[in-house]
Amino acid sequence: MTARHRENAARRTGVGWLAVAAVAAVAAAPLACVAPDGGGLTVRLSIATGGTGGVYYPYGGGIAKIISEHVEGVEATAEVTAGTVDNLKFIASRSADLAFGLADSIDDAANQRGAFADFGVVPMRALAVLYDNYNHLVSVTATGIETVADLEGRVVSTGAPGSGTEVSAFRILEAAGVDPDTGIRKQSLGAAQSVDAIKDDKIDAFFFSGGLPTGAILDLASTPGRTIKVVPNGETLATLQAQYGSLVYHDSPIPPSTYPGMEETVTVVAVSNVLVVHEAMDADLAYELTRVLFEQHAELAAVHPMAAVLTLESATAGSPIPFHDGAERYYRERGAWSD
């Protein structure tokens with residue numbers, strides 16, 4: 001792929017110029033780069049994350065930092081992207097080396113469904129299951145929105161194009177009997193843009209699939225004169241599991257202490273986040289990347305609360321795709337692997 005082709009592809013998928021430059025640099029790196037064994041050329045890795053208002057980007061920045069500082073001969077950079085769907089396409093094209101992804105979209109990408117029906121199967125493997133994403137449906141109390149069904153006829157952001165939020169938002173709406181194409185006045189905004197729009201009374205509600213807490217939603221909840229409303233959507237779980245399986249979707253509570261203005265626990269649909277790589281990644285490199293996640297876990301956990309939940313046991317449970325051989329070797333050595 002030429003530099004111009006990469007730039008055009010990035011424009012189509014909404015990736016910023018910084019990510020374009022990083023992808024171009026990775027693609028231009030000499031193919032002679034070796035695994036981290038103390039010799040040879042530096043291996044430069046690109047980590048596809050998400051928008052700046054979510055958890056992926058700061059978490060990815062933390063992973064890039066510990067890789068660069070603690071894996072000899074390797075430098076990593078976290079890149080802003082539209083989210084999961086684009087991230088997995090970058091893995092397929094080898095434009096990114098690691099990527100954050102939601103289990104439902106990963107399942108689609110592995111089976112050529114949904115957004116990947118015409119794209120093809122993505123040849124990827126898991127390094128670790130990182131944490132749960134909570135499918136936030138956020139409004140403010142002044143709108144009177146109490147349920148997913150109340151979105152009928154409202155102006156709603158369903159997430160940035162090419163994001164995992166968009167995939168899950170459409171599915172939750174359909175499970176609640178709301179047509180995402182005709183039942184709402186749809187906007188396609190990322191988390192930070194959605195918060196700005198709701199502050200300006202341009203939208204009534206927005207979906208965002210993210211960890212706890214999500215920075216952009218904290219910003220909204222802390223805005224004077226606005227009282228946040230986190231709308232429950234857990235009632236759609238049975239329908240979602242019947243359609244897509246219990247491995248992909250489960251329900252989890254958002255405690256009232258998560259965001260200022262919440263008065264009670266809200267149950268929402270949750271989906272696992274998985275750190276993935278191309279299946280052709282060198283096994284020793286995959287081993288080292290997995291190792292550093294746990295040996296430098298304290299440093300990683302200081303970056304964001306969601307990074308703190310990573311454990312050897314949770315990292316190996318809930319992936320809809322096989323693990324990379326290098327990652328599996330590390331987990332076996334640590335006694336955390338179960339056939």
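**Exercise 1. Aromatic pairs**

Find how many aromatic pairs this predicted model holds, then classify the pair formed by Tyr-59 and Phe-100.

*Solution.* Start with the count: the structure holds 12 aromatic pairs. For Tyr-59 and Phe-100, take the ring centres, which lie 5.6 Å apart, and then the angle between the planes, 65 degrees. Planes over 60 degrees apart count as edge-to-face, and that is the class of this pair. Next, place the partners in the chain: Tyr-59 sits in helix H3 (residues 56-70) and Phe-100 in strand S3 (residues 98-102). With their positions 41 residues apart, the pair links distant parts of the chain. Finally, check the accessibility. Tyr-59 has a relative accessible area of 1% and is buried; Phe-100, at 0%, is buried too.

**Exercise 2. A second ring pair**

Work out the geometry of Tyr-244 and Tyr-249, and decide for each ring residue whether it is buried or partly exposed.

*Solution.* The ring centres of Tyr-244 and Tyr-249 are 6.0 Å apart and the planes meet at 70 degrees, so this pair is edge-to-face. For the accessibility step, recall that buried means under 20% relative accessible area. Tyr-244 has 25% and is partly exposed, whereas Tyr-249 has 1% and is buried.

To round off the rings, look for a cluster: ring pairs link Tyr-287, Phe-294, Phe-323, Tyr-330, Tyr-331 and Trp-337.

**Exercise 3. The surroundings of Asn-273**

Locate Asn-273, say why it counts as buried, and list its contacts beyond four places in sequence.

*Solution.* First, the element: Asn-273 belongs to strand S10 (residues 266-278). Second, the burial: Asn-273 counts as buried because its relative accessibility is 0%. Third, the contacts: leaving aside neighbours within four places in sequence, Asn-273 touches Tyr-56, Gly-101 and Leu-102, together with Ala-128, Val-129, Leu-130, Tyr-131, Asp-132 and Asn-133.

**Exercise 4. The second largest pocket**

Describe the volume and lining of the second largest pocket.

*Solution.* Begin with the volume, about 400 Å³. Then collect the lining, which has 30 residues; nearest the centre are Gly-50, Gly-51, Thr-81, Ala-82 and Phe-208. Sort the lining by class: 11 residues are nonpolar, 19 are polar and none is charged. Last, trace the elements: strand S4 (124-140), helix H6 (164-175), helix H7 (191-199) and strand S7 (205-210) each supply at least two lining residues.

**Exercise 5. The whole protein**

Sum up the secondary structure, burial and contacts of the protein.

*Solution.* Count the elements: 13 helices and 10 strands. Of the 339 residues, 54% are buried. Among contacts between residues at least 6 apart in sequence, 74% join residues at least 24 apart.

Notes:
Residues are numbered from 1 along each chain as its sequence is written. This is a predicted model: local features need pLDDT of at least 70, side-chain atom pairs count only at pLDDT 80 or more; totals for chains, interfaces and linings use all residues. Side-chain values use heavy atoms; hydrogens and water are left out. On a 1 Å grid over the protein atoms alone, a cavity is a set of points where a 1.4 Å probe fits but cannot get out, and a pocket is an open set with protein on both sides within 12 Å along at least five of seven lines; lining residues have an atom within 4 Å of a point. Grid points are joined across faces, edges and corners, and a volume is the space filled by probe spheres set on the points. Ala, Val, Leu, Ile, Met, Phe, Trp, Tyr, Cys and Pro count as nonpolar, Asp, Glu, Lys and Arg as charged, and the others, Gly among them, as polar. Buried means under 20% relative accessible area, exposed over 50%, partly exposed in between (1.4 Å probe, protein chains only). Contact means heavy atoms within 4.5 Å. Rings of Phe, Tyr and Trp (its six-membered ring) pair if their centres lie within 6.5 Å; planes under 30 degrees apart count as stacked, over 60 as edge-to-face and the rest as tilted.
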